[in-house]
Amino acid sequence: MLTAEEKKEIEAEIPRYEQKRAVCLEALQIVQRHRGWVSDEALGAIAEFLEMTPAELDAVATFYNLIFRKPVGKHIILVCNSVSCWIMGYESIRQHLQDRLGIQLGETTADGVFTLLPIVCLGACDQAPAIMIDDQLYGNLEPAKIDEILSTYR
Ligand code: FES
């Protein structure tokens, strides 16, 4: 079931489009903002609210890699693996993050604090290699700087 607040936020988006179902991505983002991820139950509730089938909505949800269909950590670390970051040291940044967190890409730390995910260009190529933690961008990275950054989230 959607909460009254989630419904209100989704309804506020509907007048912007000709069809109710066109707000499906916004609706997924709204529910994810409230719950941290989009469970099957939540997906079904959104689909019903937007008069779509769960399969139609799931196709949208799985197309966008920042809609989470399984539980994620408190903080999401996005590691840019596009060309500028690749050239400027992506591999060592990714490896250092994996070593420090004890997880691989796509996984969440046992304490539930971090989820590590790959992402295409963060739009900060001039600061490559770059990562984003939640809404905060970090650039010109090197391993020592990563340790310092991670310590601020623990
Ligand atoms: S390639 Fe990494 S920020 Fe653009």
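**Exercise 1. Find the residue in β4 that is the bridge partner of I133, then work out how the sheet around it is built.**

Keep in mind that you're looking at a predicted model.

Step 1. Go to I133 and look across to β4: the bridge partner there is Q136.

Step 2. Now take in the whole strand pair. β3 covers residues 131-133, and it pairs with β4 in the antiparallel sense over three bridges.

Step 3. Zoom out to the sheet. It's an open one with four strands in the order β2-β1-β3-β4, and the pairing is mixed.

Step 4. Pick out the edges. β2 (114-119) and β4 (136-138) each have a single partner strand, so one side of each has no neighbour in the sheet. On average, neighbouring strands here are turned by 20° against each other, direction ignored.

Step 5. See what lies across the sheet. Helix α6 (residues 90-101) lies across β1 (75-80), β2 and β3, and its angle to β1 is about 155°.

**Exercise 2. Work out which parts of the chain the salt bridge between R35 and E6 links, and whether each partner is buried or exposed.**

Step 1. Check the distance. The closest N and O atoms of R35 and E6 are 2.7 Å apart.

Step 2. Place the residues. R35 belongs to helix α2 (residues 24-35) and E6 to helix α1 (residues 4-13), so this pair links distant parts of the chain, 29 residues apart.

Step 3. Apply the cut-off: buried means under 20% relative accessible area. E6, at 1%, is buried. R35 comes out as partly exposed, with 28%.

Step 4. Look for further partners. E6, R35 and E41 are linked in a network of salt bridges.

**Exercise 3. Do the same for E9 with R33 and R16 with E26.**

Step 1. Start with E9 and R33, whose closest N and O atoms are 2.8 Å apart. E9 sits in helix α1 and R33 in helix α2, so the pair ties together parts 24 residues apart in sequence.

Step 2. Compare accessibility. E9 is partly exposed at 22%, while R33 is exposed at 57%.

Step 3. Move on to R16 and E26, which meet at 3.9 Å, N to O. R16 is in the loop between α1 and α2 and E26 is in helix α2, so parts 10 residues apart in sequence get tied together.

Step 4. Finish with accessibility: R16 is exposed at 57%, whereas E26 counts as buried at 17%.

Step 5. Put these pairs in context: the structure holds 11 salt bridges.

Methods. Residues are numbered from 1 along each chain as its sequence is written. This is a predicted model: local features need pLDDT of at least 70, side-chain atom pairs count only at pLDDT 80 or more; totals for chains, interfaces and linings use all residues. Side-chain values use heavy atoms; hydrogens and water are left out. Two strands pair if DSSP finds at least two bridges between them. Helices (H or I, at least four residues) and strands (E, at least two) are DSSP runs, numbered from the N terminus. Axes are lines fitted to C-alpha atoms, for helices over the stretch in contact, and angles run from 0 to 180 degrees between N-to-C directions. Contact means heavy atoms within 4.5 Å. A salt bridge is a side-chain nitrogen of Lys or Arg within 4 Å of a carboxyl oxygen of Asp or Glu. Buried means under 20% relative accessible area, exposed over 50%, partly exposed in between (1.4 Å probe, protein chains only).
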